[in-house]
Amino acid sequence: MVSTVMEELLAAHPIEALKPESVVTGVVTEIHDNEVVIDIGGKCEGVVPAYEFEDFDTLEVGSEVDVYIEVLEDKNGNPVISHDKALQKKNWELIIENCEEGSILPGRVKNKVKGGLVVNIGVDAFLPASQIDTQAPVNLDQYIGQTYDFKIVKINKERKNIVISRRELIEEEREEKRRALLGEIKVGDIRKGVVKNITDYGVFVDLDGLDGLLHITDLSWGRVSHPSEVVHVGQELDVMIIGIDAEKERVALGLKQTVQNPWDNIERRYPIGSHVKGRVVNMVAYGAFVELENGVEGLIHVTEMSWTKRINKPSEVVRIGDEIDAVVIGISKEDQKIALSIKQLEENPWEMVKRNYPIGAHVRGKVRNMTSYGAFVELEDGIDGMVHVSDMSWTKVINNPNEFLKKGDEVDAVVLSIDPEQQRIALGIKQLTDDPWVEIQKKYKIGARVTGKVTKITSYGAFVKLDDDIEGLVHISQISEEHINKIKDVIKEGDEVTARVIKVDKDERRIGLSIKAANYDESAFEAELKAFDKIRSTDELVSLSSMFDNLNVHDNSDEAPAPDKEKVAEKEATEEVVAEEVPSEQE
């Protein structure tokens, strides 16, 4: 037997209308906050959730609504019905009958599912996340409850499945707008746009249908390391059209061009000599860039960082981010360059050098640095003078300044010359005393007997230290009447010897000595000098060692070459060593 409920249903409807999965018309009998009670005939009522009614707020008792019978009788003897599924069934039939792929329908986003959204277009349709917008959104919840137009892209009748797209409609709309914009925009126009995407080299701005590129160099008149420092995605901007390629549908945009170029009146705002403040924004090997205002930077070259110190790299003086003062020393509006100086904030100490260190003044300082050609002496903070090796001693031959001075030594000196432009002061140590060679011929007369200590022995002779650190040369031929193969067999360094002066050359700063002549009587010595003078008168340019060679009557070489070859070799060796020992005027 069928139940009472079934009998009532059968009495109200034809039997074929009461089958499960069929749609019937019912009457609203009760309305509650969360549900609606509907009579589907024969006083048989079912319950439908309130959320299935889009017009729930306007629904009234007595209204007729279509419902879908899911089950004729549940465990409580009540039918299970759905208003939403009734609409879905009816609308599916309408869509199949009237729509095809490509059709456009309005729809309301119902909820989020894996991979996209469910949209009610009369029936539930699937909207993939990739088809929601031109770029897949991160947050899908923002679309729930919103109503849009959608394009049907796929219908599966067997599975009753529909796939829709909103993106295709947006792209079609943008294409129409893009063509319209390309036909009306011109260079110089100011347009509103929204930042769509940011890259390392620039920003893509949506001009309501047309994307334009805002290159990083056109974002600001100032320095920009990355576009994200200036704009963010979604930001609305006023941009200028600065380039159009209609064929490729490309538009170049400028943001900085919408404001005045700060370099337009740069000379008036930053006159040469003016004091400015700025922030160090970048450093390179040759200097530091200082931002004076947005779009205006000046360069402080390393040579403009200190009057006195040699700056090898700007990080020795400033760091990025430092707020500093400087002086404008040059402007090039065309090249958009400003030259700045830190050192010119202070007085140039070299301007006072001539007054503080006049030529001839005696000074004292500490040896700060040594080179192969001299020593640098610090006279005051940042002011150095240089003592050349040739100005260290009147008498000593100094090949390297380390032979005479050491770093850290306190020394006295005389100012020889000043060049403030080149920032150079020449000092002399030997000039503290009189040049002993000026009066040399008075102190060391020909024939005078002298005593000194042997300081150096060479193959051609021995050097003897006399008073005032003056050295005389005893040629090998003037050591003994006897033949000598090796000088060190007769005398050694440190020996004290007595000799007679046989040659004084003030210009060449040379003294020739003879040990063997120390014991001559006056007549023998006079004879020796006459022979010597005769040789000198015939060849005024002959070297000291060559004169000694001509006085030699013995074979005094360490080896035994032929006489002529020996003379040439000995002469060359002597001239070479003597030349090394006595620096030229140029040195």
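In this predicted model, the backbone nitrogen of Lys 309 lies 3.0 Å from a polar atom of the Ser 306 side chain. The exercises start from that pair.

**Exercise 1.** Where does Ser 306 lie, and is Ser 306 buried or exposed?

*Solution.*
Step 1. Locate the residue: Ser 306 is part of the loop that runs between β18 (296-301) and β19 (323-332).
Step 2. Read its relative accessible area, which is 16%. Buried means under 20%, so Ser 306 is buried.
Step 3. List its contacts, leaving aside neighbours within four places in sequence: Ile 311 and Lys 343 are in contact with Ser 306.

**Exercise 2.** Which residue shares a polar contact of 2.8 Å with the side chain of Arg 174?

*Solution.*
Step 1. Place Arg 174: it belongs to helix α3, residues 167-184.
Step 2. Check its accessibility. The value is 12%, so Arg 174 counts as buried.
Step 3. Collect its contacts beyond four places in sequence: Thr 134, Lys 196, Asp 206, Gly 209, Leu 210 and Asp 211.
Step 4. Pick out the partner. The side chains of Arg 174 and Asp 211 are joined by a polar contact of 2.8 Å.
Step 5. Set sequence against space: 37 residues separate Arg 174 and Asp 211 along the chain, while their C-alpha atoms are 9.7 Å apart.

**Exercise 3.** How many bridges pair β7 with β8, and in which sense do the strands pair?

*Solution.*
Step 1. Take the two strands, β7 at residues 116-120 and β8 at residues 124-128.
Step 2. Their pairing is antiparallel and spans five bridges.
Step 3. Find a facing pair: Asn 120 of the hairpin is opposite Asp 124 in β8.
Step 4. Look at the turn. Three residues lie between β7 and β8 in this hairpin, and Gly 122 in the turn has a positive phi of about 115 degrees.

**Exercise 4.** What is the sign of phi in Glu 249 and in Arg 509, and where do these residues lie?

*Solution.*
Step 1. Recall the background: most residues other than glycine have a negative phi.
Step 2. Glu 249 has a positive phi, near 55 degrees. Arg 509, which is not a glycine, also has a positive phi, about 55 degrees.
Step 3. Glu 249 is in the loop between β14 (236-245) and β15 (250-254). Arg 509 is in the loop between β29 (496-505) and β30 (510-514).
Step 4. Add accessibility. Glu 249, at 32%, counts as partly exposed, and Arg 509, at 28%, is partly exposed.

Conventions. Residues numbered from 1 in each chain as written. Predicted model: local features only at pLDDT ≥ 70, side-chain atom pairs only at ≥ 80, totals over all residues. Heavy atoms only, no water. Helix = DSSP H or I, 4+ residues; strand = E, 2+ residues; numbered from the N terminus. Buried < 20%, exposed > 50% of the residue type's maximum accessible area, 1.4 Å probe, protein only. Contact = heavy atoms within 4.5 Å. Polar contact = N/O pair within 3.5 Å; in protein donor to acceptor, adjacent residues only side chain to side chain. Pairing = 2+ DSSP bridges.
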